[in-house]
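Got the structure open in your viewer? Let's take a walk through it, one selection after another.

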Amino acid sequence: MNWLHSILILAVAYAAVFFEAWFDGFRNVLGTQIDFLPALMVYAGLTHGLFTIGLAAVCGGLWFDSLSANPLGVSMLPLLLIGLAAQQGREWVASDHFPARFCMGAAASALQPLLVLFILLNIGQPPILGWKSLWQWVLMTLGGGLFTPVCFALFTRFHKALDYQPVSQTSFRPDREIKRGRV
Amino acid sequence: MLKKPHYIILVLVFLLVIVFLKLPGETMGRVKLAVSGLFLPLFGLTGSLHELSGQGQESLMTKGQLARQNEDLRRENEDLKLRLQQDAAIWSENARLRGQIAWQRQTSWNVKLGRVIARDPANWWRSLQIDLGARDGIKPYEPVLTPEGLVGRIQFVGQTRSQVILLGNPDLRVAAAVQGGGETGVINSTSSSPQENNMIDLDYLSGNSAVRPGQVVVTSGEGGVFPANIPIGKVVDSRSMEYGLSTEARVRLSADMGALQEVWVMAP
């Protein structure tokens, strides 16, 4: 287990939740806030183990709910389910390709609010919903889909910067050195 | 297929969710503010950046602009001082008259200015966090407003921050009155859309209510949480509900909920 990878995922979840609470741009322009956590869970599910997925779901969900009027904990289970679903599909998803990443991120971003809504309705805390919630849902789906490839690119850069790079074998062999000039 | 560790982690998280959902409201509020305290360094950083940008803008102003602004503020200050003197006279007269008829004395309210540090990241609630807490004497249920009108009330109070629920959130109901007609009703969660955060519903008006678009809606003071006569908004339209038994009016809020940067908390 590489702890650095888990800590990196937690750090990005932390930054994502703070950004969602602080940045008003999407809210003012599009009328909705894009949620980055489902995309992050897709990344965690496709590339990491169960422990990291669980940790990201618990911490990400807890942080999100702490800044929101959501009852504490309602976001955790949907995020975990998304992470586990992504992990199950790891074998048969061509996760190196942009369309696959986009589709998985979009599906996760579409599913997450529905699962949270299901929990909220079941615990008797219906949120504010209207016809324009559909518009918000579509934008969240697209936004989450677009963020997923960005998330992969971001972590690839992090790993390049922080991981030990494999030592490449040099093709130079002293016994095969061509001696030039007259002997 | 899911394996044993998957089931274990699912059950553990499920139990954790159940524990959190079963917490009493006040405890949940404390836990929420404690967890969101992890974001304090970032909130502090953004606050400092905001102040720095403000200072930068001020340093870019010319001497002429500053002198003009100073002159405007001096005039406004004099005007407000004059009004304050008039209000003090009215206030003392009011207190004297109340004393003569042995009516309950009105308590004066103090206001504290707070900066909005975070908005609700979820799209389906209306709440925000401000940088005032128990340290500043803030308590739950205190009204939150802007110079334009009522915004909401304090929900949870931490040491240095508080969570505010805004008008239109399902948890917040406000007893309201329509000025000019004497109609009273309850400000409720909006039925229009989560995107239209400047619209709310005024429910439980009488069936033969004659509210008209443009009429001003204020707090009625009933219920004891909000003092009377704080402006809320203006009636946009109304419709008959429950086969004419009651009327529901849509109200456009006076305060711009999308542009809240600073709010005032009223403390008795």
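Start in chain B by selecting β4(B) together with strand β5, residues 162–166 of chain B: the two pair in the antiparallel sense over 5 bridges. This is a predicted model, so keep in mind that you're looking at a prediction. Now pick out Gly152(B) and look across to β5(B), where Leu166(B) stands opposite. Follow the chain between these two strands and you'll find a hairpin that joins β4(B) to β5(B) through 4 residues.

Keep β4(B) selected and add strand β3, residues 143–146 of chain B. How many bridges link β3(B) and β4(B)? There are 4, and the pairing is antiparallel. Click on Thr146(B), and opposite this residue, in β4(B), you'll see Gly149(B). β3(B) and β4(B) also make a hairpin, with 2 residues between them.

Next, show β4(B) (residues 149–157) with everything around it. Why is this strand described as largely enclosed by the rest of the structure? Because 9 of its 9 residues are buried.

Now for a barrel. Select the strands of chain B in the order β6-β7-β8-β11-β10-β9: these 6 strands run round a closed barrel with antiparallel pairing. From one strand to the next, the twist averages 40°. For a look at one pair, hide the others and keep strand β6 (residues 174–178) and strand β7 (residues 184–188) of chain B, which are antiparallel neighbours joined over 4 bridges. Zoom in on Val174(B), and in β7(B) find its bridge partner, Ile187(B).

Time for a helix. Select residues 63–100 of chain B, and you have α4(B), with 38 residues. Try a distance from the first C-alpha to the last: the helix reaches 55 Å, close to the 56 Å expected at 1.5 Å a residue. Is α4(B) well covered or hardly covered? Hardly: the count of buried residues among its 38 is 0. After the helix comes Ala102(B), which has a positive phi, near 55°.

Now colour chain B by domain. The assignment gives domain 1 (4–58), domain 2 (61–100) and domain 3 (109–268). Show domain 1 and domain 3 of chain B by themselves, and note that their C-alpha centres lie 25 Å apart. Where they touch, 5 residues of domain 1 of chain B are in contact with 8 residues of domain 3 of chain B. On the domain 1 side, α2 (25–36) and α3 (40–60) of chain B each supply at least two of the touching residues. Which helix gives the largest share of that side? It's α2(B), with 3 residues. Colour that side of domain 1 by class and you get 2 nonpolar, 2 polar and 1 charged residues.

For the last stop, bring chain A back into view. Here 39 residues of chain A are in contact with 41 residues of chain B. Select α1 (3–22), α4 (50–67), α5 (76–88) and α7 (132–162) of chain A, since each of them supplies at least two residues of the side that touches chain B. The largest share of that side, 9 residues, comes from α4(A). Finally, colour the chain A side by class: 24 of its residues are nonpolar, 12 are polar and 3 are charged.

Key: Residues numbered from 1 in each chain as written. Chains lettered and ligands numbered in written order. Predicted model: local features only at pLDDT ≥ 70, side-chain atom pairs only at ≥ 80, totals over all residues. Contact = placed C-beta atoms within 7 Å. Nonpolar A, V, L, I, M, F, W, Y, C, P; charged D, E, K, R; others polar. Domains from an automatic or database assignment. Expected span 1.5 Å × (residues − 1). Buried ≥ 20, exposed ≤ 12 C-beta atoms within 10 Å, placed from the backbone. Pairing = 2+ DSSP bridges. Axes fitted to C-alpha atoms, helices over the stretch in contact; angles between N-to-C directions.
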